[in-house]
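Dear colleague,

I am handing over the structure we discussed. Please look through it alongside the notes that follow.

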Amino acid sequence: MTTLLNLLSALALLVWGTHIVRSDILRVYGAQLRRILSTSIKRRSLAFLAGLGVTSLVQSSNATAVIVCSFVAQGLVGLTPALTIMLGADVGTALMTGVLSFDLSWLSPLLIFGGVVVYLPRRHNLSGRLARAVIGLGLILLALQMIGNATQPIMQGPGIKVLFSTLTGDVTLDALIGAVFAMMTYSSLAAVLLAATLASSGIISLKVALCLTIGANLGSGILALLTAASQNVAGRRVALGSMLFRLSGAVIALPFINPLELWITLLTHDLHLGVVAFHVLYNSARCLLLLPLVEPMSRLCTRLLPETQKDDEDTISARHLDPGAIETPSLALANASREALRIGDLIEKMLLNLLPVIRDNDLLRAQQIRQLDHHVDKLYTAVKMYLARVSREELNEKEVRRWTSIVTMTINLEQAGDIIERIVKGIESKKIAPQRSFSDAGMREVSDMHARLVASLQLGLSVFLNGDIKSAQKLLAEKEAFRDLERAYAQTHLIRLAGETQQSIETSSLHLDLISDMRRMHSLFCASAYPVLDDAGLLRKSRMKKHEFGRTKPTQPPESSLSDSFNPP
């Protein structure tokens with residue numbers, strides 16, 4: 001039992017080392033690697049080499065699959081070059097398996113020691129992340145050494161021999177076990193190297209090891225399919241095409257396992273080398289032979305996964321939240337920012353539809369506002385869950401501030417959408433149903449506040465995107481002006497009530513609630529100015545110099561502190 005636990009722990013260390021290398025390489029060079037994959041599509045040979053090179057660096061064809069599927073889902077890369085990149089990725093991961101199969105155990109302590117020395121004092125900068133990737137590579141080599149050491153006593157353990165004796169040479173069953181093991185470890189590398197080690201130790205036959213190797217390739221394809229399940233139809237086609245390529249290779253190779261076993265035995269007595277060499281040659285030959293068939297495979301995948309026509313409610317979804325960018329925080333934050341701006345666009349549509357509802361009792365626009373609020377809620381949830389997957393421990397100080405500003409912005413926009421929907425409900429119940437109307441003066445006040453509200457939303461989104469200090473100062477000054485405007489319009493409304501204006505009396509509660517809700521929304525839109533001014537050290541200064549932007553003198557004394565500005569309005 002101890003021997004088996006040692007073997008399992010060594011496999012776990014191998015998977016963990018691979019994960020560290022993949023994640024840190026993507027964090028440091030993710031943007032450059034993605035640019036290579038997205039631009040090397042004009043020629044088939046370049047696309048193939050791009051997939052091979054990127055996968056060799058990150059040591060995971062699944063990571064490449066995630067990136068490529070997201071590109072196709074966003075319409076940045078066509079299906080045919082994407083499948084070409086995936087064929088290159090299969091060759092890249094096979095070549096890395098071949099490289100790691102050599103005895104590099106002497107290099108492991110050097111990589112781990114040197115990586116730790118560099119990483120500890122620089123863990124949050126570029127050199128620290130590269131040092132952690134070096135530590136991961138050292139752990140991979142250490143794990144391979146541990147796997148070799150753990151399998152030595154297995155020859156003397158009858159219970160272990162009985163466990164592996166269930167692999168009797170049934171090609172289909174053995175390939176299935178290899179696929180399951182690759183999925184469990186999230187690595188075809190671990191499955192292939194374990195099969196090679198067990199074969200060289202005499203625990204399993206060469207035939208079983210070859211079947212496990214072919215199955216490991218299938219397992220990696222199944223993982224890509226499962227990962228791409230959250231993508232749209234275009235993204236899922238890439239994973240489907242890659243899986244069909246792997247499946248076709250297995251269907252062709254498995255019937256010839258017996259001759260392949262004989263040839264490998266004749267060529268070399270080193271079964272470990274034979275299994276690894278078979279893995280490299282099998283994937284290289286398969287991918288090169290299938291390379292001319294990428295266009296027919298693209299057409300087949302398009303037929304198998306056709307585009308479905310859905311209504312607008314079903315088709316609204318996040319466009320920019322690329323899951324492949326999670327390992328690259330700067331890209332992930334940029335994607336979340338773009339999606340937050342989409343939410344802002346939806347809020348602007350809701351605002352533009354709101355005025356006809358207030359002025360003209362337009363019930364069709366009211367229904368459209370409810371539908372748009374549903375879309376806002378859906379995108380808000382998507383952005384929130386996406387940002388939750390970004391590890392804040394790996395963010396530098398600037399990225400943490402941006403992460404926080406995106407979260408705050410999306411929360412504020414979602415709350416603004418709820419306020420707009422609440423306004424619509426109030427209009428329907430207090431104005432449209434009893435057939436009441438605002439006075440001409442009251443409607444002019446509402447229209448004026450609505451126009452300034454839309455302008456401030458647009459300015460707030462611009463500040464969120466560009467971080468312009470002057471625009472942020474202007475936005476904060478506009479917040480104070482809008483608050484004073486609300487107070488002034490509330491006073492004029494009370495004057496109309498004193499004059500016993502019938503329309504004002506009937507709609508008094510609705511009118512006051514409406515301008516108060518508009519002021520709340522305006523405060524939410526202006527909140528994007530605070531992090532910009534705070535980073536520049538100008539927050540208090542901007543509050544003191546609020547008259548510099550053409551603002552009239554407030555009717556109420558200025559607030560004595562900044563604390564109220566951060567509280568919910």
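**Ser528 and the H19/H20 pair**

Ser528 lies in the loop that runs between helix H22 (508–526) and helix H23 (529–535). Please keep in mind that this is a predicted model. With a relative accessible area of 8%, Ser528 is buried. Its side chain reaches the backbone oxygen of Gly460 at 3.0 Å. Apart from neighbours within four places in sequence, Ser528 is in contact with Met409, Gly460, Val463, Phe464 and Leu475.

Some of these residues also belong to a helix pair. Gly460 and Val463 are among the H19 residues that meet H20, and Leu475 is among the H20 residues on the other side of that contact.

How do H19 and H20 pack? Helix H19 (residues 440–466) and helix H20 (residues 469–498) have axes 11 Å apart, at an angle of about 165°. The angle is over 145°, so H19 is roughly antiparallel to H20. Their crossing is left-handed.

On the H19 side, the contact includes Glu445, Asp448, Arg452, Leu453 and Leu459; on the H20 side, it includes Lys474, Glu478, Phe482, Leu485 and Arg496. By type, the residues of this contact divide into 11 nonpolar, five polar and seven charged.

For the chain as a whole, there are 25 helices and zero strands. Of its 569 residues, 53% count as buried. Among contacts with a separation of 6 or more, 81% are between residues 24 or more positions apart.

Regards

Notes
Residues numbered from 1 in each chain as written. Predicted model: local features only at pLDDT ≥ 70, side-chain atom pairs only at ≥ 80, totals over all residues. Heavy atoms only, no water. Axes fitted to C-alpha atoms, helices over the stretch in contact; angles between N-to-C directions. Helix = DSSP H or I, 4+ residues; strand = E, 2+ residues; numbered from the N terminus. Parallel < 35°, antiparallel > 145°, perpendicular 65-115°, else oblique. Left-handed = near helix turned anticlockwise from the far one by under 90°. Contact = heavy atoms within 4.5 Å. Nonpolar A, V, L, I, M, F, W, Y, C, P; charged D, E, K, R; others polar. Buried < 20%, exposed > 50% of the residue type's maximum accessible area, 1.4 Å probe, protein only. Polar contact = N/O pair within 3.5 Å; in protein donor to acceptor, adjacent residues only side chain to side chain.
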